[in-house]
Amino acid sequence: MAFSKDDIIDSLKREILMLTRAPGTPLDEASLSRQFAVSRTPLRDILRQLAGEGYVVITQNKGAMVAPMDPKSMRNFFMTAPMIYATISRLAAMNARPADIDRLAKTQKQFKQAVAAQSVEQMVTYNDQFHYQIGEMADNEYLMPSLQRLLMEHARIGQTFWQAGDDRRTESIAEASRHHDEFIEAFAAHDEEQAVALTLAHWELSKANMDDYIRPSPLSHEVDLAG
């Protein structure tokens, strides 16, 4: 079976987000070529694209590997994510158009269906898509690369969030879904302050559950993000 470039990219991204390919795992070109029935040259182009988006690290003389999750990167993630997310939400509220709201609502419908089906992979996929679309609404070429990297790390670190095996996690996922609905309302109303407040509440909800996966050292100071 022949795979298109987009098929291969989507498949590798999904495997990385779902931790099927663990952080730091080498990406052997020969194995990937056989798996996707693709020659080395287009495969290297694909790996370079994934490296540009933060999914893969390419080191001279060592080849490609899945982006690692080391203590420094995790600390930077937890420190930086709420600032970037809040700024993007503010810009999205400023720039939102009716077509953007309709597209976001469609993704939210798919997310709710994934929640009802208890499909972890689909919840991760549509949650990532929902927040990526908010980034597109923000329409800022300087922030988008950072958002892509943050969403990738968020999905990997937050795997336990979607593994709803008890009442607390089930309610957390339901609350996250309610936040999505409220985001749509805030963007439709161009309510920047509500969008930022929702973003910070959404982050705290997710962060509390990510502690089940990783417990970073507390930061030495708190950053005021609501101003």
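**Close-up views of a cavity and two helix contacts**

**View 1. The largest cavity of this predicted model has a volume of about 340 Å³.** A cavity is a set of points on a 1 Å grid over the protein atoms alone where a 1.4 Å probe fits but cannot get out; grid points are joined across faces, edges and corners, and the volume is the space filled by probe spheres set on them. Its lining comprises 22 residues (an atom within 4 Å of a point), of which Tyr85, Asn127, His131, His154 and His202 are the closest to the centre. By class, the lining has 13 nonpolar, eight polar and one charged residues (nonpolar: Ala, Val, Leu, Ile, Met, Phe, Trp, Tyr, Cys and Pro; charged: Asp, Glu, Lys and Arg; polar: the others, Gly among them).

**View 2. Helices H5 (residues 98–117) and H9 cross at roughly 170°, and their axes come within 10 Å.** H5 is therefore roughly antiparallel to H9 (over 145 degrees). Helices are DSSP runs (H or I, at least four residues), numbered from the N terminus; axes are lines fitted to C-alpha atoms over the stretch in contact, with angles from 0 to 180 degrees between N-to-C directions. Residues in contact (heavy atoms within 4.5 Å) include Phe111 of H5 and Phe187 of H9.

**View 3. Helices H2 (residues 29–36) and H3 (residues 40–52) pack at about 105°, with axes 10 Å apart.** H2 is thus roughly perpendicular to H3 (65 to 115 degrees). Glu29, Ala30, Leu32 and Ser33 of H2 meet Arg40, Leu43, Arg44 and Leu47 of H3.

Residues are numbered from 1 along each chain as its sequence is written. In this predicted model, local features need pLDDT of at least 70, side-chain atom pairs count only at pLDDT 80 or more, and totals for chains, interfaces and linings use all residues, while side-chain values use heavy atoms, leaving out hydrogens and water.

How values were computed: Helices (H or I, at least four residues) and strands (E, at least two) are DSSP runs, numbered from the N terminus. Angles under 35 degrees count as roughly parallel, over 145 as roughly antiparallel, 65 to 115 as roughly perpendicular and the rest as oblique. On a 1 Å grid over the protein atoms alone, a cavity is a set of points where a 1.4 Å probe fits but cannot get out, and a pocket is an open set with protein on both sides within 12 Å along at least five of seven lines; lining residues have an atom within 4 Å of a point.
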